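Visitor: Could you take me through the strand pairing in this model, and then through what lies around it? I would like a close look at one part, with the residues named as you go.

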Amino acid sequence: MWGKGLINGLRLSLKNAMRGPITVQYPYEKLEIPERSRWAVRPKFFDDGSPKCTACMTCVRVCPDHILSLDVETREDKTKHIEAFGYEVGACMMCGLCVEACPFDAILMSHEYELAVTDPAALSENLLENTDAATSARHKAEKEKLAAHPADEPAGGGEAS
């Protein structure tokens, strides 16, 4: 039939004209970010506020962009002290390989998506500074505690605030 394409085009135009706006007025309105979205790397903490990082260097080794750095001091009693856990958010491609590789579930990809800054120096940050690293024994004790009392598991998985 002649004009079928024209009528179909008008129907689609009318349908879109009647639909409400699909954009948001950023920054006054913000989109709800899907749970699977990945943004900046953030450390995780135990309930007492101590970091879950054991300074095992796995995340630093697997990062394809080499944007994670970890300055660690090993003490005489074999415990580790994290001098600085550096992260260059401006160079991160947010692939999440560091989070997947972490054997202690000590880091996460946060949902912070407003990462723009005016000062380029602010694109490099320390995730952890001058703190003692967690031990494998601490992680084992936490796993046993959660296995014994599964209802005590924090809702956010000990995420950074």
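Guide: What follows starts with the sheet and moves outward to the core, the cavities and some backbone details. Please keep in mind that this is a predicted model, and that the values below are computed from it.

The sheet is an open one, built from three strands in the order S2-S3-S5, and its pairing is antiparallel. At its edges stand strand S2, residues 68–74, and strand S5, each of which pairs on one side only. From one strand to the next the twist averages 10°. As a general point, strands of a sheet pair through backbone hydrogen bonds, in either a parallel or an antiparallel way.

Take the pairing of S2 with strand S3, residues 80–88, which is antiparallel and extends over seven bridges. Along this pairing, leucine 68 stands opposite tyrosine 87 in S3, aspartate 71 faces alanine 84 in S3, and valine 72 has isoleucine 82 of S3 across from it. The two strands form a hairpin with five residues between them, and in the turn lysine 78 has a positive phi of about 70°.

On the other pairing, S3 and S5 run antiparallel and are joined by seven bridges. One position to look at here is glycine 86, whose bridge partner in S5 is asparagine 126.

Strand S5 covers residues 124–132, and threonine 131 has its place there. Threonine 131 counts as buried because its relative accessibility is 17%, where the limit for buried is under 20%. Apart from neighbours within four places in sequence, threonine 131 is in contact with Pro51, His81 and Ile82. Asparagine 130 is also found in strand S5, but this residue is exposed, since its relative accessible area is 55% and exposed means over 50%. Asparagine 130 also has a positive phi, near 45°, although the residue is not a glycine.

Leading into S5 is the loop that comes after strand S4, residues 107–109, and aspartate 119 lies in this loop between S4 and S5. With 44% relative accessibility, aspartate 119 counts as partly exposed. Computed along the chain, so to speak, aspartate 119 and glutamate 88 are 31 residues apart, while in space their C-alpha atoms are 13 Å apart.

The sheet strands also contribute to the nonpolar interior. The largest nonpolar core has 24 residues, and those with the most contacts inside it are Val41, Cys59, Leu68, Ile82, Phe85, Tyr87 and Ile107. Helix H2, residues 58–62, and the strands S2, S3, S4 and S5 are the elements that give two or more residues to this core, with the largest share, three residues, coming from S3. Tyrosine 87, already met opposite leucine 68, touches a list of residues more than four places away in sequence, including Ala40, Val41, Ile67, Leu68, Cys92, Leu123 and Leu127.

Cysteine 98 sits in helix H3, residues 97–101, and counts as buried because its relative accessibility is 8%. Leaving out residues up to four places away in sequence, cysteine 98 touches Val41, Cys59, Val62, Leu68 and Ile107. By contrast with those contacts, cysteine 98 and glutamine 25 are 34 Å apart in space, C-alpha to C-alpha, with their positions 73 residues apart in sequence.

Cysteine 98 appears again at a cavity. The structure holds two cavities of 30 Å³ or more, and the largest has a volume of about 70 Å³. Thirteen residues line this largest cavity, and Cys63, Ile67, Cys92, Cys95 and Cys98 are those that lie nearest its centre.

Two backbone details remain, both in loops. Alanine 55 is in the loop between S1 and H2, and its phi is positive, about 60°, although alanine 55 is not a glycine; with a relative accessibility of 2%, alanine 55 counts as buried. Proline 27 is found in the loop between helix H1, residues 4–18, and strand S1, residues 41–43, and the peptide bond that joins tyrosine 26 and proline 27 is cis, with omega of about 5°.

Terms used: Residues are numbered from 1 along each chain as its sequence is written. This is a predicted model: local features need pLDDT of at least 70, side-chain atom pairs count only at pLDDT 80 or more; totals for chains, interfaces and linings use all residues. Side-chain values use heavy atoms; hydrogens and water are left out. Buried means under 20% relative accessible area, exposed over 50%, partly exposed in between (1.4 Å probe, protein chains only). Contact means heavy atoms within 4.5 Å. Two strands pair if DSSP finds at least two bridges between them. Axes are lines fitted to C-alpha atoms, for helices over the stretch in contact, and angles run from 0 to 180 degrees between N-to-C directions. A nonpolar core is a set of buried Ala, Val, Leu, Ile, Met, Phe, Trp, Tyr and Cys residues joined through side-chain atoms within 4.5 Å. On a 1 Å grid over the protein atoms alone, a cavity is a set of points where a 1.4 Å probe fits but cannot get out, and a pocket is an open set with protein on both sides within 12 Å along at least five of seven lines; lining residues have an atom within 4 Å of a point. Grid points are joined across faces, edges and corners, and a volume is the space filled by probe spheres set on the points.
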